[in-house]
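Biologist: Please take a close look at the nonpolar core of this model. I would like to know which residues make the most contacts within it, and how far the coordinates can be trusted.

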Amino acid sequence: MDNIRTVSDTKRKFYGYHTRPINSIYRRFVEELLVEMHLLSVNVDFNYDPIYALGVVTSFERFMQGYKPESDKTSIFNALCQAVDGNSEKYHQEAEALINEAKGLSITEFKDKLGQEGGEGILWGTCSAIAQNPKFKYSRLFGVGLYTLLMEIDPDLVKEEEKRNQTIKEVSEALQFSSDKLQKDLDLYRSNLDKMQQLLTVIEDTLEADRKKRMSQKLEKTAEPVDEKGDKENKENEEQQQSSNG
């Protein structure tokens, strides 16, 4: 029997692919995402699907906003996928294909088609396969992908809590998994996004205050020689005036 890859094995692979240091503010998120993807990849009931891929892509993009240097983000995402024997290009392509198919749909059309067997295109093919699979392994990242689709179809769901919760319940039932679990995962996801945004705002405000402070100090240093020259001229003028009066 093959040895199951451990978390340590996956982390070693990740840091072998991405060799640059990760910004400390984002390191925890990256490692938690890596561990989550690892645990799913070694679960016998888990199967990769495009909605899961959309969840991975969306989570990464949302939580890595503002990462510096920007050029490192691609390397980090590639390493995350490669560390669990995945293909980052496939993740992006299938995530984009799902979003493109969801555009133009109404939330009613989406819910009506979910329970139907078969279906053309990556979206309906994926949903049909999940609904017909009694061993489907739900995951938080799948939940994020599904939520991303719903927000693409009806952005107002963000504002309408009652409608959003009812939609989540109906979609979960159509796909044959727990709506309670999905709801809890999405509540935590939105909460963590808010916290991350607040943190980034505080960091940006701090950096801006620091920039202004440095600029002020620079201007003060530039002004000092002018002030000294002015004082010297004033003193000479006073001495000349006193000499004339004498």
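Modeller: The confidence score used below, pLDDT, is the predictor's confidence in each residue, on a scale from 0 to 100. The model is predicted, and its protein chain has a mean pLDDT of 86, with 87% of the residues scoring at least 70. Confidence peaks in helix 4 (residues 72-83), at a mean of 97, and is lowest in helix 10 (residues 179-245), at 73. Where pLDDT is low, the predicted coordinates should not be read in detail.

As for the setting of the core, the protein chain contains 10 helices and zero strands, so that its elements read α-α-α-α-α-α-α-α-α-α from the N terminus. Of its 246 residues, 37% are buried. Among contacts with a separation of 6 or more, 70% join residues 24 or more positions apart. The chain exposes an accessible surface of about 15100 Å², and carbon and sulfur atoms account for 47% of that area.

Now the core itself. The largest nonpolar core has 64 residues, and the members that touch the most others are Phe110 and Leu175. Helix 8 (residues 140-153) supplies the largest share of this core, with nine residues. Leaving aside residues up to four places away in sequence, Phe110 touches Leu105, Leu123, Trp124, Leu146, Leu150, Ile153 and Val171. Three of these partners, Leu146, Leu150 and Ile153, have numbers that fall within helix 8 (residues 140-153).

Note on methods
Residues are numbered from 1 along each chain as its sequence is written. This is a predicted model: local features need pLDDT of at least 70, side-chain atom pairs count only at pLDDT 80 or more; totals for chains, interfaces and linings use all residues. Side-chain values use heavy atoms; hydrogens and water are left out. A nonpolar core is a set of buried Ala, Val, Leu, Ile, Met, Phe, Trp, Tyr and Cys residues joined through side-chain atoms within 4.5 Å. Buried means under 20% relative accessible area, exposed over 50%, partly exposed in between (1.4 Å probe, protein chains only). Helices (H or I, at least four residues) and strands (E, at least two) are DSSP runs, numbered from the N terminus. Contact means heavy atoms within 4.5 Å. Accessible areas come from the Shrake-Rupley method with a 1.4 Å probe; for residues, only the protein chains shown count as cover.
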